[in-house]
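Hi,

Here is the structure I promised to send over. Have a look at it first, and my notes follow underneath.

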Amino acid sequence: MPDIAIARFAHEGNSFSPIPTPIECFTGSEWAVGDGVPKYYRGTKTEIGGAIDWLDHHPEWNPTYLRCTGAPSSGVLAPGVFDKILAEITTGLSKKKWDAVFLSLHGSLNAAEYAHADYEILKRVRAIIGKDTPLAVSFDLHANVSQPEADIPDIVVGYKCHPHTDMHETATKALDIMLRRVKGEIRPVAVIVRADAIIPSLFARTTDGPMAKVKQLAAEIEKKYGLLDLTPYQGYAYADSEAAGASAWATASGDREAARKGATELVAEMNKRRPLLFKTLPSAAEGIARGLKGQGPIAVIDSADHTGAGGIGDTPGLLAALVTAKPSKPTAFAFFHDPGLVAQAQRAGIGGKLTVKLGGRLTSLFGPPVEAEVTVGHLSDGKFTNVGPVYHGLGVDLQGVARLDFVGLPISVMITGICHDTTDPDFYRVGGIDLKNLQVLAVKAKNQFRASFGSVFKEMIDIDAPGPAAYDFSSFPFKKAPKTLYPLNR
Ligand SMILES: [Zn+2]
């Protein structure tokens with residue numbers, strides 16, 4: 001019976017966040033090993049959920065589940081976190097000779113010690129498993145990739161969808177290709193061709209807009225050259241490394257020239273559409289004003305502190321604009337990460353009155369806290385299972401939630417015990433917020449949110465505000481990214 005090792009170490013690290021990511025962000029999120037892995041991931045629309053399904057359909061394989069972990073996007077991994085997690089995986093891998101290895105990675109892992117950290121993972125894993133053991137990997141579409149990295153594994157397949165609704169399919173494809181490599185049917189070679197820009201992800205959805213066509217072209221070019229996979233990586237704009245920027249990654253069986261042609265053609269299409277990805281967004285005040293005037297419910301979306309892109313759940317700009325606008329119809333704000341305030345609300349109880357400072361707790365870089373008189377409107381433990389299309393089926397524990405209602409203004413603010421993203425409908429259920437009764441939801445979010453709530457909101461208004469993942473990042477202090485890339489070359 002052939003042996004396969006399965007492991008996951010997935011995180012996207014924002015070089016411009018003032019808050020490093022501690023190991024607790026992983027242990028408090030996805031954190032499973034051994035039999036705990038199928039128990040936690042089975043039935044989920046995730047890469048490991050996909051691997052478990054694949055193994056159910058290939059019972060001749062004997063799986064060993066090593067450490068599987070992932071955490072919402074946040075700052076750079078704090079010193080030591082990278083080695084601590086990776087050591088669990090490499091120790092497991094060194095215990096025997098494997099017939100294949102599958103890793104679920106992000107591709108924009110960013111550690112204090114290694115800015116291009118997935119490359120470091122692949123180097124170390126390859127050194128342990130030997131050059132002949134088939135190594136299959138899945139990546140997020142927002143991976144920052146490089147040719148030295150591409151030369152290590154046998155196959156890397158990236159998500160094709162943004163919002164990311166194809167995690168399960170991505171793992172399945174990687175494992176199918178791995179199986180052909182195990183049988184000796186193919187000899188994968190990979191070529192990376194880099195685009196000429198670091199691109200913001202806001203208008204790079206594959207459901208609509210310029211990148212929808214790129215997704216379609218990738219599939220056509222993949223077919224035309226008989227490639228095993230062709231992924232247009234959009235890159236992650238806020239990870240400052242030598243691999244920063246968008247790229248195409250083509251994998252062919254044996255034919256390096258076919259891979260080069262496919263990746264080159266696809267990158268030309270990506271470069272052509274680049275101007276459509278850079279726009280001028282309304283400010284928070286302009287977005288709120290439009291939202292209060294239109295037919296509700298309307299979402300006003302601040303991606304500058306989107307916790308799916310390395311946000312910190314703490315920037316106050318959008319709430320400040322909402323308060324200044326003095327709404328007359330029901331509005332809500334999601335969210336601030338503030339465990340101390342959750343505890344304070346729990347002590348006060350439902351109906352309790354508090355004087356609070358909202359946001360600006362972790363840093364004053366993005367504006368001062370909003371001071372307010374509130375009553376505690378809702379409390380919950382913050383536990384739910386994702387019901388929306390992103391990470392469907394995966395359990396979440398927000399470690400306590402409070403809804404604070406402003407005195408004298410129809411504004412409710414959701415406070416959570418951990419920093420988590422706002423994409424799932426049940427996030428609001430545990431927050432005691434009924435979206436369809438709102439005029440405006442002011443929310444820290446981005447494209448994944450659209451996958452869940454396209455039918456709920458009459459309109460979604462994107463704004464830009466100060467934050468670690470601001471849409472306009474052209475003045476951010478990049479140090480390692482190639483300065484030849486747009487917009488750093490402006
Ligand atoms: Zn992504």
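Let me start with a pair of side chains you can find quickly. Asp 405 comes out at 17% relative accessibility, so it counts as buried, the cut-off being under 20%. Its salt-bridge partner is Arg 403, with N to O at 2.9 Å. Arg 403 has 16% relative accessibility and therefore falls in the buried class too. Do keep in mind that this is a predicted model, so every value here is computed from predicted coordinates.

Now for a pair with another setting. Asp 434 and Lys 436 form a salt bridge as well, and their closest N and O atoms are 3.3 Å apart. Asp 434 sits at 35% relative accessibility, so it is classed as partly exposed. Lys 436, at 61%, counts as exposed because the cut-off for that class is over 50%.

Salt bridges can also share partners: Asp 83, Glu 120, Lys 123 and Arg 124 are joined that way into one network.

How many salt bridges does a search of the whole structure find? The count is 28. One that I'd pull up on screen is between the side chains of Asp 229 and Lys 160, again with an N to O distance of 2.9 Å. This pair links distant parts of the chain, as the two residues are 69 residues apart. Asp 229 belongs to strand β10 (residues 229–233), while Lys 160 lies in the loop between β8 (155–158) and α7 (167–182). Are these two buried or exposed? Both Asp 229 and Lys 160 are buried.

On to the helices. Take helix α10 (residues 284–293) and helix α11 (residues 317–324): they pack with their axes 9 Å apart, at an angle of about 50°. That angle is why α10 is described as oblique to α11. The crossing of α10 past α11 is right-handed.

Which residues meet there? From α10 you have Ala 284, Ala 285 and Ile 288, and from α11 the contact takes in Gly 317, Leu 318, Ala 321 and Leu 322. Sorted by class, the contact between α10 and α11 has six nonpolar residues, one polar residue and no charged ones. The polar one is Gly 317, because Gly is counted in the polar class.

If you're opening the file this afternoon, I'd begin with Asp 229 and Lys 160, then turn to α10 and α11.

Cheers

How values were computed. Residues are numbered from 1 along each chain as its sequence is written. This is a predicted model: local features need pLDDT of at least 70, side-chain atom pairs count only at pLDDT 80 or more; totals for chains, interfaces and linings use all residues. Side-chain values use heavy atoms; hydrogens and water are left out. A salt bridge is a side-chain nitrogen of Lys or Arg within 4 Å of a carboxyl oxygen of Asp or Glu. Helices (H or I, at least four residues) and strands (E, at least two) are DSSP runs, numbered from the N terminus. Buried means under 20% relative accessible area, exposed over 50%, partly exposed in between (1.4 Å probe, protein chains only). Axes are lines fitted to C-alpha atoms, for helices over the stretch in contact, and angles run from 0 to 180 degrees between N-to-C directions. Angles under 35 degrees count as roughly parallel, over 145 as roughly antiparallel, 65 to 115 as roughly perpendicular and the rest as oblique. A crossing is left-handed if the near helix is turned anticlockwise from the far one by less than a right angle, and right-handed if clockwise. Contact means heavy atoms within 4.5 Å.
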